[in-house]
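Student: I have a structure open in front of me, and I would like to learn how to read it step by step. Could we go through it together with questions and answers?

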Amino acid sequence: MTIIKAKGFILRPLKTSDLKGYFEVMQDEETRRNLSSFPGTLAEAKKEIKEMLKQVKEDDSEVFSIEVGGKYAGNIILQHQDWDKNSDEGRVHTWIHPKFRRKGLATDALTEVVRYGLRKKFKMIYAQCKAHNKGVIKMLPKLGFEKVKTHKVDGIPRILWVKER
Ligand SMILES: CC(C)(COP(=O)(O)OP(=O)(O)OC[C@H]1O[C@@H](n2cnc3c(N)ncnc32)[C@H](O)[C@@H]1OP(=O)(O)O)[C@@H](O)C(=O)NCCC(=O)NCCS
């Protein structure tokens with residue numbers, strides 16, 4: 001289990017006790033505008049955490065929780081592209097708790113996870129956001145991601161990004 005200690009935050013594995021913080025993120029309007037799916041109830045959120053922990057065991061996914069001063073502040077998922085354990089292409093997903101947004105946390109935490117992923121596991125890492133996601137569109141080029149294409153998935157325009165080793 002990987003733990004990454006950085007200035008101002010720690011990245012450690014997701015735990016079932018992150019439920020409350022995770023559910024709060026998923027209740028937020030901006031989260032709901034920007035993610036493709038989100039749990040509607042606490043019970044659904046609990047089920048999703050279980051599912052993520054299962055993917056950690058079975059699919060070699062890594063689900064980091066970001067902790068600031070001992071508090072849950074969001075997640076970063078680093079997984080194989082298309083859940084294919086043999087793929088040397090990775091994928092990242094992230095969300096930050098509303099209380100911790102606009103402080104550079106996503107930028108700093110993603111920088112750490114992407115550096116770790118490209119060093120240890122993947123030759124390239126993909127990310128995808130909705131075409132209106134201003135924060136992500138500002139952030140990813142600064143982290144060295146390049147735009148691959150804008151395309152529609154489930155009828156919604158999205159931007160696919162990649163960073164190579
Ligand atoms: C997108 C998200 C991860 C950004 O997290 P964050 O910790 O606030 O991001 P940062 O503070 O590192 O900001 C990165 C850059 O984006 C800008 N930014 C962040 N949120 C923004 C917003 N809502 N509108 C416009 N710009 C925004 C910041 O100003 C910063 O730019 P700068 O470096 O030029 O100052 C967070 O808002 C979030 O969790 N949103 C909901 C879920 C989501 O969109 N996840 C990504 C799905 S692909």
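Student: How many bridges join strand β4 to strand β5, and in which sense do the two strands run?

Tutor: Before we begin, please keep in mind that this is a predicted model. In general, strands of a sheet pair through backbone hydrogen bonds, either parallel or antiparallel. Here strand β4 covers residues 71-80 and strand β5 covers residues 89-96, and within this pair Ile 76 stands opposite Thr 94 in β5. The two strands run antiparallel, and the number of bridges that join them is seven.

Student: Which strands stand at the edges of the sheet, and why is one side of each left without a neighbour?

Tutor: The sheet is open and has eight strands with mixed pairing, in the order β1-β2-β3-β4-β5-β6-β8-β7. The strands at the two edges each have a single partner strand, so one side of each is left without a neighbour in the sheet. These edge strands are β1 (4-6) and β7 (146-153).

Student: How many buried residues are there among the eight residues of β7?

Tutor: A residue counts as buried if 20 or more other C-beta atoms lie within 10 Å of its own. Strand β7 pairs with strand β8 (residues 156-164) in the antiparallel sense over seven bridges, and His 151 stands opposite Arg 158 in β8. Even with this partner, β7 is hardly covered, and its count of buried residues is zero.

Student: Which residue in the turn between β7 and β8 has a positive phi?

Tutor: Most residues other than glycine have a negative phi, and most peptide bonds are trans. The strands β7 and β8 form a hairpin with two residues between them, and the turn holds a residue with a positive phi of about 55 degrees, namely Asp 154.

Student: Is Arg 102 buried or exposed?

Tutor: Arg 102 lies in the loop between β5 and α4, and it has a positive phi of about 60 degrees although it is not a glycine. To judge its surroundings we count C-beta neighbours, and a residue with 12 or fewer within 10 Å is exposed. Arg 102 has 9 such neighbours inside 10 Å, and therefore it counts as exposed.

Student: Which helix gives the largest share of the largest nonpolar core?

Tutor: The largest nonpolar core has 31 residues, and those with the most contacts inside it include Ile 66, Ile 76, Val 92 and Leu 110. The largest share of this core, five residues, comes from helix α4 (residues 105-120).

Student: Which residues does Leu 110 touch, if we do not count residues up to four places away in sequence?

Tutor: Leu 110 is among the core residues with the most contacts, and we can look at its partners one by one while leaving aside residues up to four places away in sequence. Those it touches are Ile 76, Val 92, Thr 94 and Leu 143.

Student: Which element gives the most to the shell around the ligand?

Tutor: There are 21 residues around the ligand, and among those that come nearest are Asn 34, Arg 101 and Gly 135. By class, the shell has eight nonpolar, seven polar and six charged residues. At least two residues of the shell are supplied by each of α2 (29-34), β5, α4 and α5 (134-142). The element that gives the most, with five residues, is α5.

Technical notes:
Residues numbered from 1 in each chain as written. Predicted model: local features only at pLDDT ≥ 70, side-chain atom pairs only at ≥ 80, totals over all residues. Core = buried A, V, L, I, M, F, W, Y, C linked by C-beta atoms within 7 Å. Helix = DSSP H or I, 4+ residues; strand = E, 2+ residues; numbered from the N terminus. Contact = placed C-beta atoms within 7 Å. Pairing = 2+ DSSP bridges. Near = placed C-beta within 6 Å. Nonpolar A, V, L, I, M, F, W, Y, C, P; charged D, E, K, R; others polar.
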